[in-house]
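Here is a walk through one protein model, from helix packing to sheets and then to empty space. Keep the sequence and the 3D view open side by side.

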Amino acid sequence: MYIQRYLTSTIKRAMTSFPVVLVTGARQTGKTTLLRTEFGESHEYISLERPDIRNRALADPVGFFAQYTRPLILDEIQYAPELLHYIKELIEPERKPGWWLLTGSQNFSLMQGVSQTLAGRVAVLTLDPLSVRERLRQAQVTPETMLERVFTAAPRTAGNGEGPTVNLAEWLLQGGFPEPCLTKQADRRLWFSGYVQTYLERDVRDLTQVSDLGAFSRFLMLVAARTGNLLNMADLAGEIGISAPTVKRWLSVLETSQLIYLLQPYYKNFGKRIRKSPKLYVLDPGLATFLLGLHSWEAVLQGPSLGPLIETAVVTEWLKLFRQQGEQPHVYYWQSGAGKEVDLIIERDGRLYGIEVKATATPTAQHGSALKRWLELADSNTRGALACNVDRPQTLRPDIKAVPWHLGG
């Protein structure tokens with residue numbers, strides 16, 4: 001089953017001005033499927049994952065590219081980054097917009113090659129796992145429209161609760177990777193087990209020369225256990241029995257591979273911020289619950305990880321909203337000296353939007369106490385909302401609404 005991805009419109013927009021468009025992202029997010037489905041009629045498809053094709057291309061790059069007269073899709077370019085130099089030479093005479101569509105799972109060598117070789121010629125876009133809105137096949141909206149709906153529109157127009165919805169526990173278990181999310185017959189445990197094993201074997205070994213896969217497996221589970229929490233590298237190193245520099249290197253690999261996101265603290269002084277460590281989020285909740293050993297609705301909804309998991313779901317939905325537009329979002333968290341915390345702060349056009357996340361389905365004004373304190377400390381150019389497990393928006397205070405945890409509806 002194919003669902004048109006919101007990134008498609010951004011790719012088409014980039015193709016009007018850039019000769020090269022590179023679509024990156026974690027493995028199995030649907031990069032190849034997107035490009036072949038949406039652009040297969042106009043572009044010739046070449047998979048560099050195939051050793052025979054890759055070897056031919058590397059042995060004679062000039063002759064290899066000369067045999068193609070149509071625009072090209074080069075899949076898995078990270079296997080042959082040396083070709084970027086020849087692509088640059090082929091671009092220069094005419095700089096035809098949209099002629100080269102590349103895919104690649106982000107890694108250090110690929111991105112270094114792209115930045116050094118194709119600077120000014122390439123648009124780099126990220127395809128994340130499916131968002132809730134994509135899963136529900138809802139119309140794409142801009143960040144401005146969504147911010148208006150969530151923070152400004154009256155509850156009766158911000159969402160009426162009559163459209164399709166997604167079950168929280170189901171989303172936390174399945175996540176947004178297309179195959180386990182869309183294929184009814186897919187075995188979730190087998191799929192994620194294979195995903196983790198393949199990732200260990202193909203990506204991590206190549207990037208970090210991991211010699212102790214057992215230690216790295218424990219590291220992955222501990223990372224999942226800390227989703228939605230402050231990052232403490234010394235604590236991680238101590239629990240696994242490895243050095244702090246090794247933890248830092250492994251985290252960097254996960255971040256570059258688009259499997260985790262490190263949310264930085266807000267840098268302005270609202271009540272003298274005391275935290276400087278980022279908060280860690282696994283970018284797909286289905287992967288997080290699998291690594292935590294959670295395989296049923298009861299285990300998710302009744303377990304101690306529910307709060308951090310729903311926070312993970314909320315933060316990652318907002319990240320996807322911006323990255324689907326080709327933007328790197330300005331997002332943060334905030335914690336006061338007294339320990340009050342706003343889970344997500346979005347900075348947009350000179351205005352701040354604060355979101356506090358709660359797992360409750362019965363929100364009260366007290367649930368927004370930290371948000372209320374933040375609004376008091378910040379200037380008047382701010383908005384606040386409580387994201388929780390409700391079906392439709394409702395007013396908690398004159399300046400705070402409770403809204404559904406997802407961006408659907």
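At roughly what angle do the axes of helix α8 and helix α17 cross? This is a predicted model, and every value below is computed from it. Helix α8 covers residues 143–152, and helix α17 covers residues 306–323. Their axes cross at roughly 145 degrees. They come within 9 Å. Two packed helices are described by exactly this pair of values, the angle between the axes and the distance between them.

Now look at the side chains in that contact. From α8 come P143, M146, L147, V150 and F151. They meet W318, L321 and F322 in α17. By class, the contact of α8 with α17 has 8 nonpolar residues, no polar ones and no charged ones.

Move on to the sheets. One is an open sheet of 5 strands in the order β2-β3-β4-β1-β5. Its pairing is parallel. The edges are β2, at 44–47, and β5, at 122–126. Each of these edge strands pairs on one side only. From one strand to the next, the twist averages 15 degrees.

Inside this sheet, take the pair of β1 and β4. Strand β1 spans residues 20–24, and strand β4 spans residues 100–104. The two run parallel and are joined over 5 bridges. To find the register, start at L22: L102 in β4 stands opposite. A helix packs on this sheet as well: α5, residues 83–91. Helix α5 touches β1, β4 and β3, the last at 72–75. The direction of α5 makes about 165 degrees with that of β4.

The other sheet to trace has 6 strands. It is also open, with the order β9-β10-β11-β12-β14-β13. Here the pairing is mixed. β9 (331–335) and β13 (394–397) each have a single partner strand, so one side of each is left without a neighbour in the sheet. Direction ignored, neighbouring strands of this sheet are turned by 35 degrees against each other on average.

Follow β14 through its two pairings. With β13, β14 forms a hairpin that has 2 residues between the strands. β14 covers residues 400–404 and runs antiparallel to β13, joined by 3 bridges. Two partners fix the register: T395 bridges to K401 in β14, and Q394 bridges to A402 in β14. The pairing with β12 runs in the parallel sense, over 5 bridges. Strand β12 holds residues 382–388. Its L386 stands opposite A402 in β14. So A402 can be used as a marker for both pairings, with Q394 and with L386.

Is β14 mostly covered or mostly open? It is mostly covered: 5 of its 5 residues are buried. H406 lies in the segment after β14. H406 counts as buried because its relative accessibility is 8%, under the 20% cut-off. Leaving out residues up to four places away in sequence, H406 touches V132 and V166.

Turn last to the empty space. The largest pocket holds about 550 Å³. Its lining has 28 residues, and Q28, T29, G30, K31 and T33 lie nearest its centre. Which helix gives the most to this lining? Helix α11 does, with 5 residues. At least two residues each come from α2 (31–39), α10 (178–182) and α11 (188–208). The lining is made up of 10 nonpolar, 10 polar and 8 charged residues.

The second largest pocket has a volume of about 240 Å³. Of its 14 lining residues, L90, I91, K96, W99 and W100 are the closest to its centre. By class, this lining has 9 nonpolar, 1 polar and 4 charged residues.

Closed space is there too. The count comes to 5 cavities of 30 Å³ or more. The second largest cavity has about 100 Å³ of space. Among the residues lining this cavity are Y195, V196, Y199, L220 and V223. Helices α11, α12 (213–225) and α15 (285–291) each supply at least two residues of this lining. The most come from α11, with 3 residues. The lining of the second largest cavity has 11 nonpolar residues, no polar ones and no charged ones.

Conventions. Residues numbered from 1 in each chain as written. Predicted model: local features only at pLDDT ≥ 70, side-chain atom pairs only at ≥ 80, totals over all residues. Heavy atoms only, no water. 1 Å grid on protein atoms, 1.4 Å probe; cavity = no way out; pocket = protein on both sides within 12 Å on 5 of 7 lines; lining within 4 Å. Points joined across faces, edges and corners; volume = space filled by probe spheres on them. Helix = DSSP H or I, 4+ residues; strand = E, 2+ residues; numbered from the N terminus. Nonpolar A, V, L, I, M, F, W, Y, C, P; charged D, E, K, R; others polar. Pairing = 2+ DSSP bridges. Axes fitted to C-alpha atoms, helices over the stretch in contact; angles between N-to-C directions. Contact = heavy atoms within 4.5 Å. Buried < 20%, exposed > 50% of the residue type's maximum accessible area, 1.4 Å probe, protein only.
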